[in-house]
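The following note was prepared for a colleague who wishes to go through the structure point by point. Please read it alongside the sequence and the coordinates.

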Amino acid sequence: MLRISKLTDYSIVILVFMAKDGNSLTSRQISEGSNIPLSTVSKVLKSLTRKDILCSTRGATGGYTLAKIPKKTSVAEIVAAMEGPLAITECSDTEHATCSEEHTCPLKSHWNHINLAVKSALRSVTLQDLLSPIPSYTVNAVTSPYTNIS
């Protein structure tokens with residue numbers, strides 16, 4: 001099953017909360033506002049700051065802010081920041097391909113095609129998109145409410 005990790009899920013929840021608020025926030029404020037434990041929030045904030053998704057400021061008036069406006073941060077960037085390069089299979093990971101059958105595999109190009117489709121879908125959704133709920137009648141397995149992905 002394809003599934004993002006719990007920390008990646010939390011990171012998206014945290015970033016959406018921060019995008020809604022729009023201000024510099026402390027880890028405690030983020031924890032309280034997102035209902036995620038402070039220790040987990042701190043861990044996620046450090047990772048996202050290292051990957052330039054967030055900016056941090058120290059001091060009495062310090063806190064965390066988004067590095068870019070919400071419409072410039074895609075879900076693909078967030079997932080890659082938390083989990084590494086997006087790859088459905090090992091051979092789809094062009095940076096770390098380790099499959100011994102990669103040169104003779106008849107499915108490699110198909111997996112690459114699928115991998116590109118998943119990346120494209122995740123790139124098409126931004127933090128800005130996640131700020132508003134999707135009407136339930138637009139959600140189905142065939143179409144995307146964000147673009148013409150089918």
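The points below move from the overall architecture to individual elements and residues.

1. Overall architecture. The model under review is predicted. The secondary structure of the protein chain comprises six helices and two strands, and from the N terminus the order of elements is α-α-α-β-β-α-α-α. Of the 150 residues in the protein chain, 30% count as buried. The accessible surface of the chain is about 9600 Å², and carbon and sulfur atoms account for 54% of that surface. Among contacts between residues at least 6 apart in sequence, 54% join residues at least 24 apart.

2. The largest nonpolar core. This core has 25 residues, and those touching the most other members are Ile-14, Leu-15, Met-18, Ile-30, Leu-45, Leu-48 and Leu-54. H1, H3 and H4 are the elements that supply two or more residues to the core. The most is given by H1, with six residues.

3. Two core residues in detail. Once residues up to four places away in sequence are set aside, Ile-14 touches Ile-30, Ser-34, Ile-36, Val-41, Val-44 and Leu-45. Leu-48 lies in helix H3 and is classed as buried because its relative accessible area is 0%, under the 20% limit. Apart from neighbours within four places in sequence, the contacts of Leu-48 are Ser-11, Leu-15, Ile-53, Leu-54, Ala-81 and Met-82. Leu-48 is also separated from Leu-66 by 18 residues in sequence, with a C-alpha to C-alpha distance of 9.5 Å.

4. Helix H2. Which residues of H2 are buried, and what do they pack against? In this helix, which spans residues 27–34, the buried residues are Ile-30, Ser-31 and Ser-34. These residues are on the same side of H2, because they cover an arc of only 100° around the axis. In general, an α-helix has 3.6 residues a turn, so residues three or four places apart point the same way. The buried residues of H2 pack against helix H1 (6–21), helix H3 (38–50) and strand E2 (63–66). On the face turned away from the buried side, H2 carries the exposed residues Arg-28 and Glu-32. Asn-35, just after H2, adopts a positive phi of about 60°.

5. The loop between E2 and H4. Thr-73 is located in this loop, ahead of helix H4 (75–83). Is Thr-73 buried or exposed? Thr-73 is buried, because its relative accessible area of 2% is under the 20% limit. Neighbours within four places in sequence aside, Thr-73 is in contact with Ile-53, Lys-68, Ile-78, Val-125, Thr-126 and Leu-127.

6. The salt bridge. The count for this model comes to one salt bridge. Lys-68, already listed as a contact of Thr-73, pairs with Glu-77, and the closest N and O atoms are 2.5 Å apart. Lys-68 counts as partly exposed at 34% relative accessibility, and Glu-77 is likewise partly exposed, at 28%. Side chains of opposite charge can pair when their charged atoms come close.

7. Helix H4 and the residues after it. Buried residues in H4 are Val-75, Ala-76, Ile-78, Val-79 and Ala-81. Gly-84 follows H4 and has a positive phi, near 95°. Leu-86 is found in the loop between H4 and H5, and its relative accessibility of 17% makes it buried, because the limit is 20%. With neighbours within four places in sequence excluded, Leu-86 is in contact with Ala-76, Val-79, Ala-80, Asn-115, Lys-119 and Leu-122. Two of these partners, Ala-76 and Val-79, are themselves among the buried residues of H4.

8. The nonpolar surface patch. Trp-111, Ile-114 and Val-118 form a nonpolar patch on the surface, and together they have about 220 Å² of accessible area. Trp-111 belongs to helix H5, residues 108–123, and counts as partly exposed at 32% relative accessibility. Which patch residue is 8.5 Å from Leu-86, C-alpha to C-alpha? That residue is Val-118, which is 32 residues from Leu-86 in sequence.

Note on methods: Residues are numbered from 1 along each chain as its sequence is written. This is a predicted model: local features need pLDDT of at least 70, side-chain atom pairs count only at pLDDT 80 or more; totals for chains, interfaces and linings use all residues. Side-chain values use heavy atoms; hydrogens and water are left out. Buried means under 20% relative accessible area, exposed over 50%, partly exposed in between (1.4 Å probe, protein chains only). Helices (H or I, at least four residues) and strands (E, at least two) are DSSP runs, numbered from the N terminus. The arc is that of the directions from the helix axis to the C-beta atoms. Contact means heavy atoms within 4.5 Å. Patches are made of residues with over 30% relative accessible area and no salt bridge: like charges are joined within 9 Å, nonpolar side chains (Val, Leu, Ile, Met, Phe, Trp, Tyr) within 5 Å. Accessible areas come from the Shrake-Rupley method with a 1.4 Å probe; for residues, only the protein chains shown count as cover. A salt bridge is a side-chain nitrogen of Lys or Arg within 4 Å of a carboxyl oxygen of Asp or Glu. A nonpolar core is a set of buried Ala, Val, Leu, Ile, Met, Phe, Trp, Tyr and Cys residues joined through side-chain atoms within 4.5 Å.
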